Amino acid sequence: MSRSRTFAKVALAVACAAGAVLVLADVETPARMVLAPLFMLVVPGAAIIGLLRDRDPLSTLTVGAAASLAINVLLAEAMLLFNAWSPRAGVATIGVLGFFLLVIRLLYRGAGAIDRDIGQRRWTAPLKRGAGPG
């Protein structure tokens, strides 16, 4: 991965974390109006994109953006339905959901790597001389 892409990812992660901190600490600043929605849109989308591997990049980005919007709309509807509107609760819920999806991603990719190793050993193990058929 190039240095510019790594820098962009780190800068986006820092901006999202700053947005979450500003909302959770209830700091009134103009930066909050930009960073909080950035957190709310990027975190669920990035978590979903992390679960999709070996896909077309445009399709993955589209699914991540759509999932992010859907998650935020469902969260807002649930908060309105239960008369519990709170920006802090929304940010905390999105943060917990993003963390949960990150854990699933790590477990899923770890299991996939183990299964690939076992499959390669089973089918590519060299045969001993004289142990073959016939």
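The following paragraphs describe the fold, core, surface and selected contacts of a predicted protein model.

The secondary structure of the protein consists of 4 helices and 0 strands, and along the sequence these elements follow the pattern α-α-α-α. Helix 1 covers residues 3-24, helix 2 covers residues 32-51 and helix 3 covers residues 57-81, while helix 4 runs through residues 87-124. The confidence of the prediction, expressed as pLDDT, has a mean of 85 over the protein, and 81% of the residues reach 70 or more. This confidence varies among the helices, being highest in helix 3, with a mean of 95, and lowest in helix 4, with a mean of 76. As a general caution, predicted coordinates should not be read in detail where pLDDT is low.

Of the 134 residues in the protein, 22% are buried. The protein exposes an area of about 9900 Å², of which 70% is supplied by carbon and sulfur atoms. Among the contacts that join residues at least 6 apart in sequence, 56% are between residues at least 24 apart.

The interior was examined next. In soluble globular proteins, nonpolar side chains tend to be buried together. The largest nonpolar core in this model has 11 residues, namely C16, A20, V23, A36, F39, M40, V43, L75, M79, V91 and I94. Helix 1, helix 2, helix 3 and helix 4 each give two or more residues to this core, and helix 2 provides the largest share, with 4 residues. One member of the core, I94, illustrates how these residues meet: when residues up to four places away in sequence are not counted, I94 touches F39, M40, V43, P44, I71, N72 and L75. Among these partners of I94, the residues F39, M40, V43 and L75 are themselves members of the core.

On the surface, a nonpolar patch of about 490 Å² is formed by F99, L102, V103, L106 and L107. One of these residues, L102, lies in helix 4, and L102 counts as partly exposed because its relative accessibility is 36%, a value between the limits of 20% for buried and 50% for exposed residues.

Charged side chains were considered separately, and a search of the whole structure finds 2 salt bridges. In one of them the side chains of R32 and D26 meet, with a distance of 3.3 Å from N to O; in the other, R32 is paired with E28, and the closest N and O atoms are again 3.3 Å apart. Residues D26, E28 and R32 are thereby linked in a network of salt bridges. The three residues of this network differ in how they are covered: R32 is buried, with a relative accessible area of 15%, D26 is partly exposed, with a relative accessible area of 44%, and E28 counts as exposed, at 67% relative accessibility.

Residue R32 also takes part in a contact with helix 4 by way of P87, since P87 is found in that helix and, leaving aside neighbours within four places in sequence, P87 is in contact with V23 and R32. The C-alpha atoms of P87 and A36 are 9.4 Å apart in space, although the two residues are 51 apart in sequence. With a relative accessibility of 46%, P87 counts as partly exposed.

Farther along helix 4 is R109, which is partly exposed, with a relative accessible area of 31%. The residues in contact with R109, apart from its neighbours within four places in sequence, are G50, L52 and R53. For R109 and G50, which are 59 residues apart along the chain, the separation of the C-alpha atoms is 9.7 Å.

Residue L52, a contact of R109, is also touched by T60 of helix 3. The contacts of T60, not counting residues up to four places away in sequence, are I49, L52 and R55. In contrast to the partly exposed R109, T60 is buried, because its relative accessible area of 11% is under the limit of 20%.

Definitions and conventions. Residues numbered from 1 in each chain as written. Predicted model: local features only at pLDDT ≥ 70, side-chain atom pairs only at ≥ 80, totals over all residues. Heavy atoms only, no water. Patch = residues over 30% accessible without salt bridge, like charges linked within 9 Å, V, L, I, M, F, W, Y side chains within 5 Å. Areas by Shrake-Rupley, 256 points an atom, 1.4 Å probe, with all protein chains shown as cover. Salt bridge = Lys/Arg side-chain N within 4 Å of Asp/Glu carboxyl O. Buried < 20%, exposed > 50% of the residue type's maximum accessible area, 1.4 Å probe, protein only. Core = buried A, V, L, I, M, F, W, Y, C linked by side-chain atoms within 4.5 Å. Contact = heavy atoms within 4.5 Å. pLDDT = per-residue confidence, 0-100.
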